[in-house]
Amino acid sequence: EECEMTQKDEVIQTLKQICEPIKYKRTHYCNELSEELDSETVILYGWVHKLRSLGKLKFVILRDRSGLVQITVHKNKVSKDVFDRVEQLKIESAIVVKGKVVKNPQAPKKFEIIPEDIQLVSITKSAPPIDITEAVPANLDTRLDNRPLDLRKPRISAIFKIQSTISNAIRQYFHENSFIEIHTPKIVAEATEGGANVFKVKYFEWDAYLAQSPQLYKQLMLVAGYDRVFEIAPAYRAEEHNTPRHINEYISIDAEIAWINSEEDVMRILEKGVKFAIDSVLNKNKDELELLGVEIKSPSVPFKRLKFTQVVDMLRDEGKELSYEDDLDTEGEKLLGKIMKERFNTELYFIKQYPEGVRPFYTMLDPEDPRYTRSFDLEFKGLEITTGGQRIHDYDLLIERIKAKNLNPKSFRFYAEFFKYGVPPHGGFGLGLERFTMKLLNLNNIREATLFPRTRTRVTP
């Protein structure tokens, strides 16, 4: 009993220590400070990014999500309590700093913080397994094994600040163009495209699948009369790839538009949305682009359009073997990206009218040549980032195409049945957020543009 009381007292003491309230309310993020705030008292929350000790003079580089700032601690200019606390600090400890901004031409940003008080919120237990300052490089797998710490790096953080701007800009663009945001099921009864690249899940007494895309449901929303809808949500592809351009769970930016005349109406919406997103990054993420060493330009619209047959001819001229019925492979995409940059000085371009055999059952056939479709891909620097097109809105043709793809119409009854009741011509697209981010920022691997990548060899962290 006495032993249990002692343990209880220790637990209470520990809880009191770790639950100590934060003393001060934050007044600024690091990037909000400047020498113009000279003599002003500020309160900062953050992590110890670097430590440097010169005896009586110590420097603490504090990092928060916005950037870095220098805390200068001179033994003769701060209280003994503050100086002693700084001596307890370890790299990546979480602290609160109350201090004054002081101009200093020798400081990294022409100013420094002289602390009045430092609260030790959480002291690091051991050295981090990766170097947050990136002075010691780590390979990608090691970084992904320690992803929450990897994301503390200012350069890595910059990627996802830019990605946030992209998704917010596209959402703003949709809202400003009369789209309604929807949320569709991610557990579905049938593979969206009728293919094998799906994750099967046990759903009570039935088999179900993780959705490859919201395609069928966003079309049903147009059947319901919503005219223009969009969704930004995860999609799942059970493809056994292990390449720098594939992941098995990704964020898909999907849109569907009713009352169109052809896929061109969809392409015009898409290209303006992509331009709006890139312009938003240019306006809002100058610091992040500088940190990443990336220069981007505002693209001109309309983007160049190429027919698939034109692409085949262009690639054949460069020695690439490709038929008019084949899909475009990775090598062909990269080669085309090089050609488009060299000949036309463009990095964003459409390929349209893909062969019927390489597009899903719901894709509208080209009325002038049914061997091809009213579909398109948007390519960015030699990589497909968007697939889209006009969809079939006629019930009889839809059933015919389901059968032509050797699929069972009964499996798609939940979807096709409603095309009996007056459906307008419509089309849409799916844009991969991670691929867009990857190409915009010239990243080498899509995993770099994914917070916590899911691949055939990785499901943690």
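In which strand does Trp 206 lie? Trp 206 belongs to strand S9, which covers residues 206-210. The model is a predicted one. With a relative accessible area of 53%, Trp 206 is exposed. Together with Ile 187, Tyr 203 and Phe 204, Trp 206 makes a nonpolar surface patch of about 480 Å².

**The chain as a whole**

The protein chain has 461 residues, and buried residues make up 48% of them. Its secondary structure comprises 13 helices and 16 strands. The C-alpha trace spans about 85 × 65 × 40 Å along its principal axes. Of the contacts between residues at least 6 apart in sequence, 65% join residues at least 24 apart. The accessible surface comes to about 23,500 Å², and carbon and sulfur atoms account for 49% of it. The chain carries 69 positive and 71 negative charges, whose mean positions are 4 Å apart.

**Three residues and their surroundings**

Thr 165 sits in helix H5, residues 154-176. Its relative accessible area is 12%, and Thr 165 is therefore buried, the cut-off being under 20%. Beyond its neighbours within four places in sequence, Thr 165 is in contact with Ser 280, Val 281, Lys 284 and Asn 285.

Met 340 is placed in helix H10, residues 330-344. This residue is also buried, at 0% relative accessibility. Residues up to four places away in sequence aside, Met 340 touches Lys 304, Leu 306, Met 314, Asn 345, Thr 346 and Tyr 349. The C-alpha atoms of Met 340 and Asn 177 are separated by 30 Å, with the two positions 163 residues apart along the chain.

Lys 110 is found in the loop between strand S4 (94-103) and strand S5 (111-122). At 43% relative accessibility, Lys 110 counts as partly exposed. Its contacts, not counting residues up to four places away in sequence, are Glu 35, Lys 103, Asn 104 and Pro 105. Lys 110 and Gly 432 are 322 residues apart along the chain, and their C-alpha atoms are separated by 42 Å.

**Salt bridges**

Side chains of opposite charge can pair when their charged atoms come close. The count for this model comes to 40 salt bridges. Among them are the pairs in the table.

| Pair | Closest N to O distance |
|---|---|
| Glu 181 and Arg 171 | 3.0 Å |
| Arg 391 and Glu 256 | 2.7 Å |
| Arg 359 and Asp 377 | 3.2 Å |

Glu 181 forms its salt bridge with Arg 171. Glu 181 lies in strand S6 (residues 180-181) and Arg 171 in helix H5, so this pair ties together parts that are 10 residues apart in sequence. Glu 181 is partly exposed, with a relative accessible area of 24%, and Arg 171 counts as partly exposed at 24% relative accessibility.

Arg 391 forms a salt bridge with Glu 256. Arg 391 is in the loop between strand S15 (384-390) and helix H11 (395-404), and Glu 256 is in strand S11 (residues 249-258), so the pair ties together parts that are 135 residues apart in sequence. Both Arg 391 and Glu 256 are buried.

The side chains of Arg 359 and Asp 377 also meet in a salt bridge. Arg 359 lies in the loop between strand S13 (348-352) and strand S14 (375-380), while Asp 377 lies in strand S14, so the parts tied together are 18 residues apart in sequence. Arg 359 is buried, as is Asp 377. Elsewhere, salt bridges that share partners join Glu 263, Glu 264, Asp 265, Arg 268, Glu 271, Arg 305 and Lys 352 into one network.

How values were computed: Residues numbered from 1 in each chain as written. Predicted model: local features only at pLDDT ≥ 70, side-chain atom pairs only at ≥ 80, totals over all residues. Heavy atoms only, no water. Patch = residues over 30% accessible without salt bridge, like charges linked within 9 Å, V, L, I, M, F, W, Y side chains within 5 Å. Areas by Shrake-Rupley, 256 points an atom, 1.4 Å probe, with all protein chains shown as cover. Salt bridge = Lys/Arg side-chain N within 4 Å of Asp/Glu carboxyl O. Helix = DSSP H or I, 4+ residues; strand = E, 2+ residues; numbered from the N terminus. Buried < 20%, exposed > 50% of the residue type's maximum accessible area, 1.4 Å probe, protein only. Contact = heavy atoms within 4.5 Å. Lys, Arg positive; Asp, Glu negative; His and termini not counted. Charge placed at Lys NZ, Arg CZ, Asp CG, Glu CD.
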